[in-house]
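Biologist: Please take me through this model slowly, since I would like to ask about one part at a time and hear how each answer is reached.

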Amino acid sequence: MTNTITDNLQFENGNRMNGLSKEQRVQQLVPLLRKVLELLGEDPERKGLQRTPERWAEALLTYTQGTAASPEDHLRVIFEMDDDDYPVGSDDMIIVDNIHFTSTCEHHMAPFRGTAHVAYIPNPQSRIVTGLSKISRVVTLFARRLQIQERMTQQVARAIDDHLEPLGVIAVVQAAHFCMIQRGVEQRESTTITTARRGVFLTKPQLETRFLEYLRMQDGKPDVL
Ligand SMILES: [Zn+2]
């Protein structure tokens with residue numbers, strides 16, 4: 001399954017912070033961002049830049065709108081599978097792959113973008129699963145924060161582990177970092193891969209092998225960028 005997340009995803013708790021509405025935060029950011037432009041040697045009054053601080057402020061709030069949001073907003077919608085539907089004693093996994101995301105590196109405030117691939121094995125006791133789109137939303141939620149890729153990967157796995165209590169969960173994230181590309185530190189083709197495993201994925205390496213085999217079944221290989 002390929003998931004495309006729109007840029008307009010709203011998070012229930014992500015719009016208010018420090019007691020301020022989104023509009024109030026934009027208002028307070030504008031003079032600060034004008035000052036940044038000045039310090040870069042720019043004239044904030046020149047035509048092309050007049051509305052840039054406002055647009056920049058709104059963009060920054062979008063990039064970070066997952067900061068105050070909780071994965072519970074998405075993972076509280078769960079389903080219990082029927083006895084008939086649930087394969088007894090199975091290691092069968094639910095995989096959502098090619099979840100495209102763009103996040104912001106907290107060290108340079110530059111974007112990094114790529115794809116996440118997630119699999120979990122429902123617990124035969126609770127038989128709890130969630131809607132497939134919820135997994136994509138959880139990835140997007142954590143991507144919409146100031147991030148490092150390693151932490152984002154762990155947060156996705158932990159959220160699924162905490163809320164669905166599966167037998168196991170694995171998240172693999174592959175991304176290109178513009179703080180490196182733009183500064184010429186890294187070749188354009190180079191990407192970073194991070195993984196997070198919980199539950200049976202820690203103790204049964206054959207499950208990870210099978211997960212990676214499923215990913216390769218999709219058009220030859222998983223999407224990168
Ligand atoms: Zn960076």
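Biologist: Which residues in α2 are met by Lys22, Arg25, Val26, Leu29, Val30, Leu33, Arg34 and Leu37 in α1?

Modeller: Residues are numbered from 1 along each chain as its sequence is written. The model is predicted, so local features need pLDDT of at least 70 and side-chain atom pairs count only at pLDDT 80 or more, while totals for chains, interfaces and linings use all residues. Helices (DSSP runs of H or I, at least four residues) and strands (runs of E, at least two) are numbered from the N terminus, and two residues are in contact if their C-beta atoms, placed from the backbone, lie within 7 Å. On that basis, the residues you list in α1 meet Thr52, Pro53, Glu54, Trp56, Ala57, Glu58, Leu60 and Leu61 in α2.

Biologist: At what angle do α1 and α2 pack?

Modeller: An axis is a line fitted to C-alpha atoms, for helices over the stretch in contact, and angles run from 0 to 180 degrees between N-to-C directions. Under 35 degrees counts as roughly parallel, over 145 as roughly antiparallel, 65 to 115 as roughly perpendicular and the rest as oblique; α1 and α2 are therefore oblique to each other. Helix α1 (residues 22-39) and helix α2 (residues 52-63) have their axes 8 Å apart, and the angle is about 125 degrees.

Biologist: Is the crossing of α4 and α5 left-handed or right-handed?

Modeller: The axes of α4 and α5 come within 10 Å and cross at roughly 140 degrees, and the two helices are therefore oblique to each other. Val138, Val139, Phe142 and Ala143 in α4 meet Met152, Gln155, Val156, Ala159 and Ile160 in α5. A crossing is left-handed if the near helix is turned anticlockwise from the far one by less than a right angle, and right-handed if clockwise; the crossing of α4 and α5 is right-handed.

Biologist: Which residues have the most contacts inside the largest nonpolar core?

Modeller: A residue is buried if 20 or more other C-beta atoms lie within 10 Å of its own, exposed if 12 or fewer, and partly exposed in between, with C-beta atoms placed from the backbone. A nonpolar core is a set of buried Ala, Val, Leu, Ile, Met, Phe, Trp, Tyr and Cys residues joined through C-beta atoms within 7 Å. The largest such core has 35 residues, and those with the most contacts inside it are Val138, Val139, Val156 and Ala171.

Biologist: Which elements each supply at least two residues of this core?

Modeller: Val156 gives a view of the surroundings, because in soluble globular proteins nonpolar side chains tend to be buried together. Leaving aside neighbours within four places in sequence, Val156 is in contact with Ala116, Val118, Val138, Val139, Phe142, Ala171 and Ala196. The elements that each supply at least two residues of the core are β3 (94-105), β4 (110-121), α4 (132-143), α5 (149-164), β7 (168-177) and α8 (205-217).

Biologist: Which residue stands opposite Ala171 in β8?

Modeller: Two strands pair if DSSP finds at least two bridges between them, and β4 and β7 run antiparallel, joined by ten bridges. In β7, which has eight of its ten residues buried, Ala171 is the bridge partner of Val118. Eight bridges join β7 to the antiparallel strand β8 (residues 192-199), where Ala171 stands opposite Ala196.

Biologist: Which residue in the turn between β3 and β4 has a positive phi?

Modeller: β3 and β4 pair in the antiparallel sense over ten bridges, and Thr104 stands opposite Pro111 in β4. The two strands form a hairpin with four residues between them, and the turn residue with a positive phi, about 55 degrees, is Met109.

Biologist: What is the phi of Glu165?

Modeller: Most residues other than glycine have a negative phi, and most peptide bonds are trans. Glu165 is found in the loop between α5 and β7, and is partly exposed, with 16 other C-beta atoms within 10 Å. Although Glu165 is not a glycine, the phi is positive, at about 45 degrees.

Biologist: What distance separates the C-alpha atoms of Ile181 and Phe112?

Modeller: Ile181 lies in helix α6 (residues 178-181) and counts as partly exposed, because 17 C-beta neighbours lie inside 10 Å. Ile181 and Phe112 are 69 residues apart along the chain, yet the separation of their C-alpha atoms is 9.7 Å.
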